[in-house]
Amino acid sequence: MTFVFWVWRPGVSVLLLLCVCDGAEGVIRRHCDCYEEDLYVQKDIGGFIQCSLKPGLGPYAECTEITDLRSGLEEVFPDVRSLCILHSSSSLPADAFSHIPLLEHLYLDGSHLAKVTSGAFTGLPKLRFLHILVSSSWGGVNVTLEPGVFQGLSSLEELTLAGMSLALAPPALLDPLVRVRSLRVDRAGARDLGELFCLLSPGMEKLETLELPGSMVSSIQNGGCSGSNPWPTVLLSRIRILDLSGNPVRRVEPKSLSVFQNLSSLSLSMVDVWVGQLWGSGMGRVNKLYLSSYTLRQFTPSLSDLCTLVVKHGVESLDLHLALITAFTAEVMKRCGPGLRQLSVTSEDLSGMDLGFWTGTGQIQGLMMVLTKLTNASFCSAGGGRVWNLTSLILHENHLTEITTDQFSCMPLLERLDLSENHISSLAHRALQGMPLLRVLDLTHNKISMLGEDDFEGLPALEVLLLEGNKISGGIAHGVFRRQHRLQDLSLGEIDIIYQLYLNMLFLGFPTKLQHLLIDTGPGTYLTVGHVPAPEFPMVLELRGKMIQSSDCENNMFPMVRELKVGEGTKFDCNNIFLAPYFLNLESFEFSANPEKFTTPYTTINQLRKLKRLKLTNLNFSNHTDPSVTFRNLTELRSLVLINCRLNFLTRSMFTDLVSLRVLRLYSESPLILLEGVFIPLLSLSTLVFDQVDFRCDCSNGWLLDWADNSRKTQVVLLQRQQCIWHYQRLNFLSTMERLCQTEDDFLSYVSTTATVCSLLCLALGYRFLHWPCVVLFFRLRGWVERRVGRRWWRRKRRMGGQWEELIEGEEGEEKEEEEVRYDAFVSFSSGDEAWVLGEMAPMLEEGEPRLRLCLHHRDFEVGKGIVDNIAENIYCSRRTVCVLTRRYLRSDWCGLEMRVATHRLLSEHSHRLILIFLEHISPFELSAFHRLAKLARTRTYLDWPQDEDERVTFWERLRRNIAERDADELVRERVRSDIAERDADQLHDPPETS
């Protein structure tokens with residue numbers, strides 16, 4: 001908890017800040033988690049929110065379950081540059097993110113958002129990417145956007161508004177966004193493009209990408225903006241990428257898109273629209289055109305019309321999604337001209353397609369046919385011997401069953417061939433011949449059962465070969481990859497019923513440029529590397545299989561492996577010795593096993609001294625391995641993830657050598673006991689993640705909360721979600737611990753903290769409102785005491801003796817006071833008005849008749865005495881107080897004190913008179929801040945300094961009369977004193993009587 005008190009007095013401002021941490025606050029993350037970039041990219045932490053964080057913009061932070069943004073975001077570190085928030089707040093308050101000034105990427109997802117306050121994003125001068133998601137529905141939610149919402153976002157480059165209606169948005173909403181390059185308004189519910197186009201500001205000169213998908217625009221027409229204003233044509237003419245997909249467009253009005261003359265990309269969703277409406281829309285050149293059906297079977301264009309569209313608008317890339325196209329023939333394709341370079345078709349049925357259609361244009365370099373139910377890919381045989389200069393062919397998710405001989409031989413320039421997720425069971429002899437430049441071949445998730453010796457012989461330039469997801473049970477021929485000397489990425493699997501796999505025999509050597517190798521052995525195999533040359537680059541090796549054993553543990557490949565992933569195995573050994581230590585230079589190791597069947601001890605993990613990342617899943621430490629030995633010597637380890645490792649205890653000895661560990665992530669389906677002080681050796685630990693840990697509802701775990709509270713460098717993530725067992729019930733761990741384990745010391749600490757806070761609050765308020773009244777009261781009491789016991793009072797009593805005692809007793813206080821009166825008036829003025837007081841006022845009052853005695857501070861204050869003492873004493877020694885009021889007087893602290901002392905005397909002694917002189921005009925509004933002075937000005941007569949010379953004579957007469965005249969009480973006291981003096985004189989002159 002943080003308490004802030006603001007204490008003010010004239011000329012001084014004091015900020016009193018008191019921070020009190022109670023319970024399990026500290027750095028136990030309740031809502032937000034912060035991560036360094038180098039740790040986040042490994043996916044060992046974070047990822048709880050589905051938002052795409054951009055690389056190079058760390059540190060990152062993720063916030064979930066936030067109901068109040070202002071308080072919930074206090075956990076975010078000020079140096080965070082990327083922030084993702086999942087919240088249920090109804091509004092974005094002003095300055096909600098101002099404490100994160102370095103923020104560059106902000107993602108907000110909240111389905112309850114109803115209002116965005118003006119200034120919500122102030123204090124974010126470096127923000128470049130802003131995404132606000134409100135609803136996943138298609139209609140758009142009404143969200144109140146106040147004017148000035150985006151004020152201060154001068155560096156913003158990319159803005160996404162999803163799921164919110166902008167129908168009631170203020171007209172100047174986007175004016176501050178002068179550097180925005182990309183604007184996406186998704187599912188806004190708009191029915192007219194004008195609603196969205198007219199929100200654009202003329203100052204958005206850098207805007208190039210405008211995406212308006214998922215609204216309800218059914219007709220494209222240029223109806224202008226409200227108030228007969230036209231579209232912002234100058235701004236729209238600069239747009240390069242326009243996305244209107246996901247809108248049920250049924251009609252495109254003539255000339256409606258004439259403002260767009262140089263688009264690089266246009267996306268549209270159509271509902272029974274004749275394509276001819278597009279070339280009548282007036283739009284100019286379009287490099288890439290994406291046309292899709294709004295729903296299934298609602299877009300049936302003819303290929304002839306599409307070719308006309310391609311020619312008229314210079315389309316180089318045509319993407320047709322869910323389109324039903326007929327007459328897909330070479331004769332019709334001739335109408336597309338030589339300009340079409342890329343063609344992508346996603347359709348339910350292309351059964352009538354002529355596979356030789358490409359001969360009609362011959363210039364297509366990239367072809368993608370996905371989900372077209374294609375059963376035959378004999379493009380070359382249908383081409384009649386013509387050469388096709390195709391560089392990329394993607395036939396993903398079709399119904400291909402085989403690759404026939406020389407099926408792609410007419411494509412000598414092909415660099416990428418994707419045949420994934422088909423039903424290919426075999427590769428015919430020389431099926432992949434004629435592609436000498438092919439670099440990427442994807443055959444994943446087919447039904448290939450055997451790899452023959454000549455299957456890849458004609459692919460000398462191959463760099464990426466993906467065979468994952470094929471159940472290879474018929475064998476792999478020796479030398480199958482002998483021609484692939486440039487291979488960098490190879491995935492094999494699932495290799496079934498092959499009991500011994502010789503890597504050197506597959507290559508008849510080894511590709512020295514290989515950087516990634518994946519082998520899925522299914523039931524398992526003996527892996528033999530053999531005598532191979534050492535790879536030139538560090539490798540990533542993935543081994544999947546129930547039993548992976550090696551017979552040659554020491555080879556040239558293992559030392560070059562930097563990242564090793566082993567999954568779902570019951571064996572991973574070399575001659576019954578755990579295989580991992582033979583990877584001498586390993587930096588990242590992921591190992592998953594069957595805890596019931598894996599029996600090989602793996603304590604030798606501690607020999608991997610260069611290891612920086614270790615992830616262990618489904619191991620059984622309790623039976624086969626001493627965990628305190630497993631992690632020894634791993635002094636460079638930075639990230640440790642333990643998932644279901646059957647650990648009953650975590651002890652300090654386990655982590656003694658992990659001095660560089662920064663991330664520890666724990667997941668356990670069985671109860672896990674953390675012994676006190678277990679994390680103390682982890683000197684570099686910055687993030688502790690509890691994915692799932694069942695604690696005991698026992699106060700012996702209270703040390704964990706204390707440690708997290710006191711260890712300011714370590715953030716504890718997801719502890720608020722953990723549960724503990726209490727009387728056969730699962731309860732929230734944090735709340736249960738706080739309820740069960742609050743000690744007497746905790747209660748006393750809470751009481752003392754509360755008392756301290758209240759005392760400081762009272763002190764601050766008292767200082768603010770009672771400071772000067774207390775000062776005045778102090779000096780009044782001191783003066784009263786001095787008068788009661790002063791020497792002058794005692795001398796007077798001795799001189800009078802007992803005579804006239806009864807008469808004097810009633811007037812004694814007044815007489816003492818009268819004897820102490822030394823001045824007719826105390827003049828209170830500002831030093832800035834000293835010239836007027838000395839040049840005008842003092843001569844007029846002290847030299848005329850009657851002659852008045854004035855108290856002027858520069859002349860009559862006693863040297864060496866405090867200023868406050870001088871003020872109080874001289875005001876009480878004067879019959880009147882004259883205040884010379886100007887604006888300088890109101891700003892003076894000392895003049896304010898003199899006014900307070902005079903008004904206190906006025907209230908306590910009705911005989912004292914306070915005279916106000918306004919040397920300049922001061923309005924009632926200016927006086928309202930000084931309530932005592934304003935009240936006096938309303939209830940008492942005051943004098944105004946006249947500007948006319950003739951009126952000043954009357955002014956001085958009135959002032960002199962008010963100072964010199966006596967009140968009725970003063971006259972009575974003078975008569976009493978006169979009578980006393982006469983009686984004293986008579987007693988002195990009368991002779992004594994003789995006896």
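This report walks through selected strands, helices and cysteines of one predicted model.

## Strand β5 and its partners

Start with strand β5, residues 82–87. Five of its six residues are buried, so the strand is largely enclosed by the rest of the structure. Strand β4 covers residues 60–66 and pairs with β5 in the parallel sense, over five bridges. In this pairing, Tyr60 stands opposite Ser82 of β5. Strand β7, residues 105–109, is joined to β5 as well, again by five bridges, and the two run parallel. Here Leu83 faces Leu106 in β7.

Strands β4 and β5 return below, as each holds a cysteine of a disulfide.

## Disulfides

The structure holds seven disulfides. Three of them are described here.

| Pair | S to S distance |
|---|---|
| Cys32 and Cys63 | 2.0 Å |
| Cys51 and Cys84 | 1.8 Å |
| Cys198 and Cys225 | 1.7 Å |

Take Cys32 and Cys63. The torsion about their S-S bond is about 115°, so this disulfide is right-handed. Cys32 lies in strand β3 (residues 32–35) and Cys63 in strand β4, so the pair ties together parts that are 31 residues apart in sequence. Both Cys32 and Cys63 are buried.

The link of Cys51 and Cys84 is right-handed too, with 95° about the S-S bond. Cys51 sits in the loop between α1 (37–40) and β4, while Cys84 belongs to strand β5, so the bond connects parts 33 residues apart in sequence. Cys51 is buried, with a relative accessible area of 12%. Cys84 is also buried, and its relative accessible area is 0%.

What is the handedness of the disulfide of Cys198 and Cys225? The torsion about the S-S bond is about -90°, so this disulfide is left-handed. The pair links distant parts of the chain, 27 residues apart. Cys198 is in the loop between α3 (193–197) and β15 (209–211). Cys225 is in the loop between β16 (219–220) and α4 (233–236). Cys198 is partly exposed, at a relative accessible area of 26%. Cys225 counts as buried, at 16% relative accessibility, because the cut-off for buried is under 20%.

## Two further cysteines

Cys645 has 4% relative accessibility and counts as buried. Cys855 is buried as well, at 0% relative accessibility. Why does the sulfur of Cys855 form no bond with the closest cysteine sulfur, in Cys877? The two sulfurs are 8.5 Å apart, too far for a bond.

## A five-stranded open sheet

Further along the chain, five strands form an open sheet. Their order is β31-β33-β35-β37-β38, and the pairing is mixed. β31 (500–502) and β38 (577–578) stand at the edges. Each has a single partner strand, so one side of each is left without a neighbour in the sheet.

At one edge, β31 pairs with strand β33 (residues 525–528) in the parallel sense, over three bridges. Leu501 has Leu527 of β33 as its bridge partner. Strand β35 (residues 547–550) and strand β37 (residues 571–574) also run parallel, joined by four bridges. Ile548 stands opposite Phe572 in β37.

At the other edge, β37 and β38 run antiparallel, joined by two bridges. Cys574 stands opposite Ile577 in β38. These two strands form a hairpin with two residues between them. Asn575, in the turn, has a positive phi of about 55°.

## Helix α12 and its surroundings

Helix α12 spans residues 702–710 and is mostly covered, with seven of its nine residues buried. The buried residues are Gly702, Trp703, Leu704, Leu705, Trp707, Ala708 and Asp709. They pack against several elements: β44 (673–674), β45 (687–692), β46 (694–696), β47 (715–717) and α13 (733–740).

How do α12 and α13 pack, and at what angle? The angle is about 105°, and the axes are 10 Å apart. That makes α12 roughly perpendicular to α13. On the α12 side, Gly702, Leu704 and Leu705 make the contact. On the α13 side, Phe733, Leu734 and Met737 do so. By class, this contact has five nonpolar residues, one polar residue and no charged residues.

How values were computed: Residues are numbered from 1 along each chain as its sequence is written. This is a predicted model: local features need pLDDT of at least 70, side-chain atom pairs count only at pLDDT 80 or more; totals for chains, interfaces and linings use all residues. Side-chain values use heavy atoms; hydrogens and water are left out. Buried means under 20% relative accessible area, exposed over 50%, partly exposed in between (1.4 Å probe, protein chains only). Contact means heavy atoms within 4.5 Å. Two strands pair if DSSP finds at least two bridges between them. Axes are lines fitted to C-alpha atoms, for helices over the stretch in contact, and angles run from 0 to 180 degrees between N-to-C directions. Angles under 35 degrees count as roughly parallel, over 145 as roughly antiparallel, 65 to 115 as roughly perpendicular and the rest as oblique. Ala, Val, Leu, Ile, Met, Phe, Trp, Tyr, Cys and Pro count as nonpolar, Asp, Glu, Lys and Arg as charged, and the others, Gly among them, as polar. A disulfide is a pair of cysteine sulfur atoms within 2.5 Å.
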